[in-house]
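Me: I am new to this structure and would be grateful for a close look at a single part of it. Please take one helix and its surroundings, and explain them step by step.

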Amino acid sequence: MAWKEPSAAERELAELLRTQGLCVSFAKIRRWREFGVLPWGARRGLGRGAGSVSEITADTAVVAEALAVATASKTRLEKAVLRVFTVHPRSAEAFVATWVPLPERGVRKALTWYIAQDRSSALAVVERAVEAAGDDPEQRADAALAAAHAYYARRYHRVRSARRAGGRVHSADPHSRADAHGLATFAAAAVLGEHEFGADMLVEALRESFGSQGHELVSAQAFAEMEAIASQAECSGERTALPHGALAADKERQLGERDYDTLCTVRHVLAVLVEAAPALRLACRAGLSDPAVRHIEQVRASNPRVRHYLDCADSISRRSPADAWQGLIPLLISICTSPEQLELFQQDVTALDPALDDIHAIGRRALARLAPDAPASGQGPP
């Protein structure tokens with residue numbers, strides 16, 4: 001490709017970044033523009049035969065600074081975009097729910113890249129095993145179950161190791177062997193689909209998996225309810241809805257159907273939950289009797305989805321801000337690629353209002369209770 005001389009606007013932007021201590025090449029600036037992640041002013045004509053020029057905007061400078069910081073260590077551009085979409089790279093010490101005006105095109109390209117390259121999830125592992133098994137239904141089912149059980153067995157072993165080391169166990173991890181068996185069965189069912197796996201087969205497989213663990217308590221009522229639902233659906237001719245995680249192609253399609261404002265709103269709400277997590281941990285340690293804290297804990301106890309979101313936010317908040325996107329982006333994608341989950345998410349987080357309105361005040365009160373002699377003028381919990 002022939003090299004084009006940098007435009008006056010590109011030279012201006014490079015010089016602006018240089019004054020902030022950021023050395024960015026013209027090639028990198030052009031790469032950002034081509035990717036669609038750098039806002040740019042509209043072109044204006046210079047008169048007949050004189051051509052046209054474009055100009056940078058205030059948003060151009062803000063986004064370019066964030067991208068320059070995020071790509072300073074030769075980070076892949078898609079990862080840098082997702083990092084900037086999650087938290088401003090200048091937030092080096094603690095997660096702060098900020099917003100960088102990234103253009104829609106660049107964010108969507110980065111999210112699509114993430115979905116396509118994510119090969120570590122249970123569904124991705126099972127899908128590869130099924131594809132390698134060929135067209136025979138029995139072989140596909142056997143491959144799906146074998147891959148899923150192996151995946152969750154490894155996760156359960158990691159959970160046991162974490163427990164022995166005194167580490168924290170995430171709510172999405174299997175907490176027992178029976179839990180691992182059940183999650184594996186649901187993962188296989190999600191990949192194979194209802195017609196290949198079947199609701200009755202799902203119930204039976206779960207019964208066998210849990211039933212083999214005689215020392216662990218399993219709710220017979222839960223299985224009875226599942227069997228009743230499956231039988232009712234069979235009699236009525238309706239499709240039984242399995243707990244279904246969309247595969248890559250479906251995720252990309254569903255994500256494309258969400259408008260950009262929705263993606264940004266979900267991102268902002270999750271960022272607020274992440275920013276609130278340290279203050280809530282301090283309040284718990286301090287035994288703070290605060291109406292806002294009590295409200296949050298009541299909602300957490302009564303709504304398993306809210307508990308999951310708060311647990312995820314707590315886990316993300318324990319990462320460095322530079323790595324926070326690795327926890328937040330998968331959660332955002334799972335919410336935004338399921339219409340049902342997205343609708344419930346809006347209801348669930350609304351239930352937390354208005355307890356999170358002044359989360360820093362909760363953190364300061366908790367900090368003051370833990371250390372009465374410490375000054376209460378800080379901006380929030382460490």
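Reply: A residue counts as buried when its relative accessible area is under 20%. That cut-off is needed for what follows, which concerns a predicted model and, within it, helix α4 together with the loop that lies between α3 and α4.

A few words on the whole chain set the scene. It has 382 residues, 45% of which count as buried. Its secondary structure consists of 18 helices and two strands. Among contacts with a separation of 6 or more, 67% join residues that are 24 or more positions apart. The accessible surface amounts to about 20200 Å², and carbon and sulfur atoms hold 52% of that area.

The loop between α3 and α4 includes threonine 71. Its relative accessibility is 5%, so threonine 71 counts as buried. The side chain of threonine 71 forms a polar contact with the side chain of lysine 28, at 3.4 Å. Leaving aside residues up to four places away in sequence, threonine 71 touches Lys28, Trp32 and Ala80. Of these, Ala80 is itself one of the buried residues of α4, and this contact therefore links the loop residue to the helix, given that contact means heavy atoms within 4.5 Å.

Helix α4 spans residues 77-86 and is mostly covered, with nine of its 10 residues buried. The buried residues are Leu77, Glu78, Ala80, Val81, Leu82, Arg83, Val84, Phe85 and Thr86. The list includes the charged residues Glu78 and Arg83. As for what covers the helix, its buried residues pack against five helices named here with their ranges: α2 (26-35), α3 (58-70), α5 (104-117), α13 (260-286) and α16 (325-336).

Threonine 86 belongs to helix α4 and offers a closer view of that packing. Its relative accessible area is 0%, and threonine 86 is therefore buried. Beyond residues up to four places away in sequence, threonine 86 touches Phe95, Arg267, Ala324, Trp325, Leu328 and Ile329. Arg267 falls within the range of α13, while Trp325, Leu328 and Ile329 fall within that of α16. A distance adds to this picture: threonine 86 and valine 96 are 10 residues apart in sequence, and their C-alpha atoms lie 9.5 Å apart in space.

In summary, α4 is a mostly covered helix, packed against α2, α3, α5, α13 and α16. Threonine 71 is buried in the loop between α3 and α4, and threonine 86 is buried within α4.

Definitions and conventions:
Residues are numbered from 1 along each chain as its sequence is written. This is a predicted model: local features need pLDDT of at least 70, side-chain atom pairs count only at pLDDT 80 or more; totals for chains, interfaces and linings use all residues. Side-chain values use heavy atoms; hydrogens and water are left out. Helices (H or I, at least four residues) and strands (E, at least two) are DSSP runs, numbered from the N terminus. Buried means under 20% relative accessible area, exposed over 50%, partly exposed in between (1.4 Å probe, protein chains only). Accessible areas come from the Shrake-Rupley method with a 1.4 Å probe; for residues, only the protein chains shown count as cover. A polar contact is a pair of N or O atoms within 3.5 Å; within protein, one must be able to donate a hydrogen and the other to accept it, and residues adjacent in sequence count only if both atoms are side-chain atoms.
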